[in-house]
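I opened the notebook on this chain today. My plan is to go from one residue to its surroundings, then to the whole fold.

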Amino acid sequence: MKRTIFIILCTFCALTLSAQHMPWRFSPEKFQQDMEQYIVREARLTPQEASKFLPIFAEMHQKQRAVYKRQRDLWKRNLNDDATCREVVKQNDALDLELKKLQQQYHEKFLNVIPARKVLDVIHAENRFHRDQLKKWGKHRP
């Protein structure tokens, strides 16, 4: 009995200590804030451009996240039979197209509030940001 309590206590302490040393723990709010700051800096957006652009950018990401969630939910289905797998592939392709259409719609909105050169800079900056974050997370994984 004492041995079991000791093992449980040691496990609890180890988990508590390891949780305190997880600098790579993901925060969606911080991620969004860091991405926006990076994009504003890299695309050289003026404060006026940023104030017009960032709400549209956040709206696009909110809609994209909803589609990504639907994609994740697809893969949670019971994929034991060929018919279901075929349907998941087709639905996933349709969601990929929906994401591209969303991106196209929002790029048009971006072009209405900032110059085309800066829209292109935003696209490149967002891609670099995501790539850099993946590299950084890879280094912090246990």
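Does Arg 44 count as buried or exposed, and at what relative accessibility? I looked this up before anything else. Arg 44 has 54% relative accessibility, and the cut-off for exposed is over 50%, so Arg 44 counts as exposed. I note that the model is a predicted one.

**Entry: Arg 44 and its loop.** I placed Arg 44 in the loop between α2 and α3. I then checked the backbone. Phi of Arg 44 is positive, near 55°, and the residue is not a glycine. I keep in mind that most residues other than glycine have a negative phi. Arg 44 comes after α2.

**Entry: helix α2.** I took the length of α2 next. The helix covers residues 28-42, which makes 15 residues. At 1.5 Å a residue the expected span is 21 Å, and the end C-alpha atoms are 21 Å apart, so the two agree. Which residues of α2 are buried? I listed Phe 31, Gln 32, Met 35, Glu 36, Tyr 38, Ile 39 and Val 40. Glu 36 and Gln 32 are on that list, beside Phe 31 and Met 35.

**Entry: α2 against α3.** I describe two packed helices by the angle between their axes and the distance between the axes. Helix α3 runs over residues 47-74. I read an angle of about 135° between α2 and α3, with the axes 11 Å apart. The two helices are therefore oblique to each other. Their crossing is right-handed. Which residues meet there? From α2 I found Gln 32, Met 35, Glu 36, Ile 39 and Val 40. From α3 I found Ala 50, Phe 53, Leu 54, Phe 57, Ala 58, His 61 and Arg 65.

**Entry: Lys 118.** I moved on to helix α5, residues 116-140, where Lys 118 lies. Its relative accessibility is 18%, and the cut-off for buried is under 20%, so Lys 118 counts as buried. What does Lys 118 touch, leaving aside neighbours within four places in sequence? I found Ala 43, Arg 44, Leu 45, Thr 46 and Glu 49. Arg 44 thus turns up again, as a contact of Lys 118. I also took the separation of Lys 118 from Val 40. They are 78 residues apart in sequence and 9.7 Å apart in space, C-alpha to C-alpha.

**Entry: Thr 84.** I found Thr 84 in helix α4, residues 82-113. Thr 84 counts as buried, at 16% relative accessibility. Leaving aside neighbours within four places in sequence, I see Thr 84 in contact with Arg 77, Asn 78 and Leu 79.

**Entry: the whole chain.** I finished with the overall counts. How many helices and strands does the chain have? I count five helices and zero strands. From the N terminus on, the order is α-α-α-α-α. The chain has 142 residues, and 27% of them count as buried. I looked at contacts between residues at least 6 apart in sequence, and 71% of these join residues at least 24 apart. The accessible surface comes to about 10600 Å². Carbon and sulfur atoms hold 59% of that surface.

How values were computed. Residues numbered from 1 in each chain as written. Predicted model: local features only at pLDDT ≥ 70, side-chain atom pairs only at ≥ 80, totals over all residues. Heavy atoms only, no water. Helix = DSSP H or I, 4+ residues; strand = E, 2+ residues; numbered from the N terminus. Buried < 20%, exposed > 50% of the residue type's maximum accessible area, 1.4 Å probe, protein only. Contact = heavy atoms within 4.5 Å. Areas by Shrake-Rupley, 256 points an atom, 1.4 Å probe, with all protein chains shown as cover. Expected span 1.5 Å × (residues − 1). Axes fitted to C-alpha atoms, helices over the stretch in contact; angles between N-to-C directions. Parallel < 35°, antiparallel > 145°, perpendicular 65-115°, else oblique. Left-handed = near helix turned anticlockwise from the far one by under 90°.
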